[in-house]
Amino acid sequence: MQSQATMKREAFKRRQRRVRAKVRGTADRPRLHVFRSLRHISVQLIDDDASKTLAAASDREVALRQAQGQKTAVALKVGELIAQKAKGAGISKVVFDRTGNRYHGRVKALADGARAGGLQF
């Protein structure tokens, strides 16, 4: 019999494979990759054709390190920051890669922040 943690990890991996099979980033429309840990959240804009990261943002950056409040509020600010960096790089359209995380809570807040900043999914 498998433990609860093992079953949870396997479900995450199944969702991750399912999302990654459908999502691919290009130079015109890069992949917005989200990494969520228990404490932090970070995001990258990735061109899969060239295997390059075009822009990145995290709650560990100096601009957001002093941000107070709940983790969802910080995730919203990270979304706004990545949208600002994407605009600076000339990117307006992206493909959202939630990386096996459910579209709920901090992941949804990050996506809402990126949309509010001007990115189109």
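# A tour from the ring cluster to the sheet and helices

Select Phe-96, Tyr-103 and Phe-121: ring pairs link these residues into a cluster. The model is a predicted one, and residue numbers count from 1 along the chain as its sequence is written.

**Stop 1: the ring cluster**

The cluster holds two aromatic pairs. Begin with Phe-96 and Tyr-103, whose rings meet edge-to-face, with 6.1 Å from centre to centre and 90° between the planes. Phe-96 has a relative accessibility of 16%, so it counts as buried. Tyr-103, at 37%, counts as partly exposed.

Now keep Phe-96 and turn to Phe-121. These two rings are stacked, because their centres are 5.1 Å apart and their planes lie at 25°. Which parts of the chain does this pair tie together? Phe-96 belongs to strand β4 (residues 95–97) and Phe-121 to the segment after α4, so the pair joins parts that are 25 residues apart in sequence. Phe-121 is partly exposed, with a relative accessible area of 28%.

Add Arg-115 to the selection. Arg-115 lies over the face of Phe-121, 4.3 Å from the ring centre.

**Stop 2: Thr-99**

Next, select Thr-99, in the loop between β4 and α4. Thr-99 is not a glycine, yet it has a positive phi of about 60°. Is Thr-99 buried or exposed? Its relative accessibility is 6%, so Thr-99 counts as buried.

**Stop 3: the sheet**

Show the strands as a cartoon. Four of them form an open sheet in the order β3-β2-β1-β4, with mixed pairing. The edge strands are β3 (52–58) and β4, each of which pairs on one side only. From one strand to the next, the twist averages 20°.

Select β1 (residues 31–36) together with β2 (residues 41–47). The two strands pair in the antiparallel sense over six bridges. To find a matching position, pick Phe-35, which stands opposite Ser-42 in β2.

Move across to β3. β2 and β3 run antiparallel and are joined by six bridges. Here Gln-44 stands opposite Ala-56 in β3. When stepping along a strand in the viewer, keep one point in mind: in a regular strand the side chains alternate between the two faces of the sheet.

**Stop 4: the hairpin and Ser-51**

Follow the chain from β2 into β3. The two strands form a hairpin with four residues between them. Select Ser-51 in the loop between β2 and β3. Ser-51 has a positive phi of about 55° although it is not a glycine. How accessible is Ser-51? With a relative accessible area of 65%, Ser-51 is exposed, whereas Thr-99 is buried.

**Stop 5: helix α4 over the sheet**

Select helix α4 (residues 106–116). The helix lies across β1, β2 and β4, and runs at about 145° to β1.

Add helix α3 (residues 71–88). The axes of α3 and α4 come within 7 Å and cross at roughly 35°. Both values are useful because two packed helices are described by the angle between their axes and the distance between the axes. The crossing of α3 past α4 is right-handed.

To see the contact itself, show side chains on both helices. On α3 the contact residues include Lys-71, Thr-72, Ala-75, Leu-76 and Val-78. Further contact residues of α3 are Gly-79, Glu-80, Ile-82 and Ala-83. On the α4 side they are Arg-106, Ala-109, Leu-110, Asp-112, Gly-113 and Ala-114.

**Stop 6: Arg-106**

Finish on Arg-106, which is found in helix α4 and takes part in the contact with α3. Is Arg-106 buried or exposed? Its relative accessible area is 10%, so Arg-106 is buried.

Which residues does Arg-106 touch, leaving out those up to four places away in sequence? One run to select is Arg-36, Ser-37, Leu-38, Arg-39, His-40 and Ile-41, among the residues touched. The others are Lys-71, Thr-72 and Ala-75, which also appear among the α3 residues of the helix contact. For a distance to check in the viewer, use the C-alpha atoms of Arg-106 and Ala-73: they are separated by 8.1 Å, with these positions 33 residues apart along the chain counted as their spacing.

How values were computed:
Predicted model: local features only at pLDDT ≥ 70, side-chain atom pairs only at ≥ 80, totals over all residues. Heavy atoms only, no water. Buried < 20%, exposed > 50% of the residue type's maximum accessible area, 1.4 Å probe, protein only. Contact = heavy atoms within 4.5 Å. Phe/Tyr/Trp six-rings, centres within 6.5 Å; stacked < 30°, edge-to-face > 60°. Lys NZ or Arg CZ within 6 Å of the ring centre and 35° of its normal. Pairing = 2+ DSSP bridges. Axes fitted to C-alpha atoms, helices over the stretch in contact; angles between N-to-C directions. Left-handed = near helix turned anticlockwise from the far one by under 90°.
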